[in-house]
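This report describes a protein model for a reader who is new to structural analysis. Please keep the sequence and the structure in view while reading.

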Amino acid sequence: MDATIDKQTFLAAVGCRTAGWYTRRQPKESPTPGLEWQFYGGNEVGRTARVQLGDGLMLPRSPQHVALDATARALAIPGISLLFEATFRNGALVARADVLRRAGRGWDLIEVKSGKETEDGEVKGEYLDDVSFTALVMQRSGVPINRCSLMLLSREYRLGAPGDVLVEVDVTDAVLARVAQFTEMLPEIVRGCVEEEAPPPELKIICRKCEFFESECLGRGIDAHIFMLPGLSEKRLAAMKPLVDLRLLPADADLTDNQRRVFEVIRSGEPRVSAGLAQLDAVSWPAYYLDFETVSPTLPWFDQDGAHEQHPFQFSVHVCDAPGHVVAHHEYLAQCEGDWRRDFVERLLDVLGDAGSVVVYTDFEKKVLNAMANPFPDLADRIAMVIRRIFDLHAVVKSGYCHPGFQGRTSIKKVLPVMVPELGYEGMAVNEGNSASGVFGLMRVGVYHEESVEQHRRDLLEYCKLDTLAMVRVHEELLGILRSAGTLKTRRGT
Ligand code: SF4
């Protein structure tokens, strides 16, 4: 194996030495549409930064020895003052600098990010770590650094209005402090990354979101693990360590009510119904099951929009006049050209009519509806009326029904296969929101071949339709459970 330690491996190892070892050996997989869309946004921002910074020399990125040679030669030419994509290597460490700007006898290091500057000027820790790793490798390669900064998307920028898209934020002090910390960790990180065996894992709160937890590391082969407890805090986890198997947790462990409910359900293998399920009685029929898909282009598409503005581009609505009894299905998928936003809202308002519950899963649709009124104040009253009819099925599941198969989660993707095993997202070309967003974004910017566009549109329609059908069926199942509990008074036509 090549002895290289790149930024991704190094930063993974900063959080956990074992994760660094796994990251270095991780096979490259083809990116999901959601990730491709993210890369597209990053590249767009990179191009914008280069335009904003002015003429500079773009260096080759690969193969590595060519990139290193080209960088060394460019650094030595006094007339070159702006470099893009310079590559550095020190020992096993390899880094690439987005931008280098000559400043006296040294260089300003600039890292370009597709995130927005924050209101309070705080910078994300992961951004600081990114630029600190590059600074570490540059310093160790003997390249003097004057200043470190991040180029972030401006909060003020609006499409069609004057002003720069990107702003530069000085992070020199924070980066130099972080470089000192990285320097201390360096020998241990390098040793851990190149060893034959993975460094011994240690349970900690970051394991919860670690991509290796279930596939390779501590959670492997354990079907009920500690992170199935919802909202597990670092403090509580510390008290339970090193226990990973939830079933081995002592019965009197210190847990919140919700955690205890999940723990007892998983341990007993028996689902539990709670009083919250009776909220289902508040649904009035006909019920409109509504789901949106949205896209957030990194750089704005519509006049007066800022960066990362979120736009719904698709809806699915199943209409039922009684539990599980579908009488109509409506769907909308925006064309990739032009501005569809008003058409979207008007079609949606027509479909939803003016009576009956609008059933959603989580408060996402409510937030999107609220934002829809901004560009179209003349439709604000009608949108507000729809919002008043919203009924959140997720809130009912959260408070009213716990099944061991949910594994402590309540997302529709977890709940559906347990409650309605014949329906599922497996095998679908688009099977989660990020992919839907990515597919639409990539279609809109013309990345896909024309011949494949119709298929992508069908995939999107199929996915969104399943989201609302899933709600119809989960709702029906929950009502069946409530009926068995003997507490339901179903209202029709109210
Ligand atoms: S699961 Fe935890 S110990 Fe294992 S690699 Fe991930 S963060 Fe490290």
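## A hairpin in the sheet

In strand 10, Val326 is the bridge partner of Cys320. The model is a predicted one, in which local features need pLDDT of at least 70 and side-chain atom pairs count only at pLDDT 80 or more, while totals for chains, interfaces and linings use all residues. Residues are numbered from 1 along each chain as its sequence is written.

Strand 9 and strand 10 run antiparallel and are joined by 8 bridges. These two strands form a hairpin with 2 residues between them, and Gly324 in the turn has a positive phi of about 75°. Strands (E, at least two residues) and helices (H or I, at least four) are DSSP runs numbered from the N terminus. Two strands pair if DSSP finds at least two bridges between them.

## The whole sheet and its helices

The hairpin belongs to an open sheet of 5 strands, in the order 10-9-8-11-12, with mixed pairing. Its edge strands, each pairing on one side only, are strand 10 (325-333) and strand 12 (390-392). From one strand to the next, the twist averages 25°. Strand 11 (residues 358-360) runs parallel to strand 12, and 3 bridges join them; Val358 stands opposite Ile390 in strand 12.

Helix 12 (residues 393-400) lies across strand 11 and strand 12, at about 30° to strand 12. Helix 15 (residues 450-485) packs on the sheet and touches strand 8 (287-295), strand 9 (311-322), strand 10 and strand 11. The direction of helix 15 makes about 40° with that of strand 9. Axes are lines fitted to C-alpha atoms, for helices over the stretch in contact, and angles run from 0 to 180 degrees between N-to-C directions.

## Domains and their contact

The chain is divided into domain 1 (7-194), domain 2 (215-270) and domain 3 (276-485), with bounds from an automatic or database domain assignment. The C-alpha centres of domain 1 and domain 3 lie 38 Å apart. Their contact (C-beta atoms, placed from the backbone, within 7 Å) takes 18 residues from domain 1 and 19 residues from domain 3.

On the side of domain 1 that touches domain 3, helix 3 (33-53) and strand 4 (106-116) are the elements that give two or more residues. Helix 3 provides the largest share, 9 residues.

## Around the ligand

Which residues come nearest to the ligand? Of the 13 residues around the ligand, they are Cys16, Pro201, Cys207, Cys210 and Cys217. A residue counts as near if its C-beta atom, placed from the backbone, lies within 6 Å of the molecule.

How values were computed
Contact = placed C-beta atoms within 7 Å.
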